[in-house]
Amino acid sequence: TLNVCLRLIYSLPHAPAPQVVGLIRGIFTALCFAPSLARLILQGRGSSGDLWSAAFWLGLWNVLSQGLLTVGLTMTSSSVRASFLAQSSVVITPVISVLLGGQTVKPSVWAGAMVAMVGLIVLTRGNVNSGGDGLGGVSGTNAGDLLVLGCALCWSMYLFQFGRIAHRYDKVSLQSATCAIRALMYVAWYFVAGLIRHMTATVSAGGMHGLGESLQSMWLGWRDLRAWGLLLFSAIGSGALAGVLQQKGQATLSASEANIILSSEPIWAGLCAWLLLGELLSPRENIGGLIIFFATIVASGALDGLLPIMKIRARSNAKSSSHPPVEL
């Protein structure tokens with residue numbers, strides 16, 4: 001529902017800037033965990049220092065991912081191209097798990113990652129014209145593409161870190177600390193963006209320009225109750241609740257498996273867009289969505305006994321030592 005909410009917000013007159021959306025969503029999400037946050041603060045750093053350290057890195061990777069995507073979309077020529085590049089984290093996450101975690105990734109996860117990438121290509125090509133810089137007529141990589149790839153890398157790092165520590169901490173406590181860190185980072189991003197806008201306006205106007213005016217100009221339609229309602233829903237549903245459910249799921253899943261499942265997000269976004277906005281997927285997009293759904297089944301290991309490559313791996317594991325490496 002997050003993408004649908006953002007589309008509705010940005011379609012309103014005098015829509016807020018991305019920094020404002022991040023700030024308000026970050027604060028609303030943190031408020032959902034206010035009781036838990038108060039308890040953690042009262043406990044002090046001595047009893048929850050490791051938790052706050054883990055939350056800092058999770059919050060940093062999450063904010064960097066969303067920030068790079070937001071900036072990258074303003075510099076690349078096609079939002080669909082950017083969407084495909086961002087979903088390349090499906091392949092990046094297993095690589096990170098191997099290089100940084102020293103973990104063995106199951107063949108089913110690699111196979112699922114490859115199938116998901118094919119599905120994402122088919123899905124995102126559905127709305128791209130044959131000309132320009134889209135996937136139908138690809139030109140050279142630009143700065144926006146590199147920023148979106150950076151978004152995919154940061155998201156993969158977030159999933160990798162999340163998968164390693166999700167089982168160590170209480171679900172609500174970790175989400176509370178992470179949301180608090182994210183809110184502080186969004187506050188910093190908002191004021192830095194406002195300061196830059198203030199300095200730019202002052203130079204261009206040749207005189208003093210109020211900082212408050214620069215901050216207010218980032219959302220001229222702040223009195224619109226519809227925008228506040230959409231921001232509140234996106235913070236509670238797509239923010240707080242989704243975060244808790246993700247941590248509970250990743251306590252038993254590897255980062256690579258979780259990323260494959262999360263790559264099915266375009267399917268649910270399309271369904272919500274159809275229900276709430278009346279949008280319909282094209283035949284190509286439907287095919288891409290089915291391929292991604294199949295990829296989640298492959299990555300889950302449900303087809304291990306049916307795919308030839310899985311049978312080969314199973315036989316090789318049977319001939320190996322009695323203490324094989326733990327697989328993801």
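Let me start with a definition: a patch is made of residues with over 30% relative accessible area and no salt bridge, and nonpolar side chains are joined into one when they lie within 5 Å. Keep that in mind, because we'll look at a patch of this kind in a moment. One thing before that: what we have here is a predicted model.

So, hello everyone, and let's begin on the outside. The protein chain exposes about 16,500 Å², and carbon and sulfur atoms supply 68% of that area. On this surface, Val-95, Val-98, Leu-99, Leu-100 and Trp-110 make a nonpolar patch of about 440 Å². Helix H6, residues 89–99, gives the largest share of the patch, with three residues. Trp-110 sits in helix H7, which covers residues 107–125. Is Trp-110 buried, partly exposed or exposed? Its relative accessible area is 31%, so Trp-110 counts as partly exposed.

Now let's step back to the whole chain. How many helices and strands does the protein chain have? There are 15 helices and zero strands. The chain has 328 residues, and 45% of them count as buried. If you take the contacts with a separation of 6 or more, 81% are between residues 24 or more positions apart.

Next, let's go inside. As a general point, nonpolar side chains tend to be buried together in soluble globular proteins. In our model, the largest nonpolar core has 30 residues, and those touching the most other members are Trp-52, Leu-58, Tyr-158 and Ala-177. Five helices each give two or more residues to this core: H3 (34–43), H4 (45–73), H8 (143–165), H9 (171–205) and H11 (225–250). Which of them gives the most? That is H9, with eight residues. There is also a second, separate core of 19 residues, and among its members are Ile-9, Ala-17, Phe-28 and Leu-215.

Let's zoom in on two residues that meet inside. Leaving aside neighbours within four places in sequence, Trp-52 is in contact with Leu-37, Leu-40, Ala-177, Ala-180 and Ile-181. Pick out the last name on that list: Ile-181 belongs to helix H9. Its relative accessibility is 13%, so Ile-181 counts as buried. With the neighbours within four places set aside again, Ile-181 is in contact with Trp-52, Ala-55, Phe-56 and Gly-59. Here is a nice pair of numbers to check on the structure: Ile-181 and Leu-58 are 123 residues apart in sequence, while their C-alpha atoms are 8.7 Å apart in space.

What about charges? In general, side chains of opposite charge can pair when their charged atoms come close. This structure holds one salt bridge. Arg-226 forms it with Asp-224, and the closest N and O atoms are 3.0 Å apart. Asp-224 counts as buried, because its relative accessibility is 15%.

Last stop: the cysteines. How many disulfides does a search of the whole structure find? The count is zero. Why is there no bond from Cys-151 to Cys-154? The sulfur of Cys-154 is the closest cysteine sulfur to that of Cys-151, but at 7.3 Å it is too far for a bond; a disulfide needs the two sulfur atoms within 2.5 Å. Cys-151 is buried, with a relative accessible area of 5%. Cys-154 counts as buried too, at 7% relative accessibility.

That's my tour, and thanks for listening!

Terms used: Residues numbered from 1 in each chain as written. Predicted model: local features only at pLDDT ≥ 70, side-chain atom pairs only at ≥ 80, totals over all residues. Heavy atoms only, no water. Helix = DSSP H or I, 4+ residues; strand = E, 2+ residues; numbered from the N terminus. Buried < 20%, exposed > 50% of the residue type's maximum accessible area, 1.4 Å probe, protein only. Contact = heavy atoms within 4.5 Å. Areas by Shrake-Rupley, 256 points an atom, 1.4 Å probe, with all protein chains shown as cover. Core = buried A, V, L, I, M, F, W, Y, C linked by side-chain atoms within 4.5 Å. Salt bridge = Lys/Arg side-chain N within 4 Å of Asp/Glu carboxyl O. Patch = residues over 30% accessible without salt bridge, like charges linked within 9 Å, V, L, I, M, F, W, Y side chains within 5 Å.
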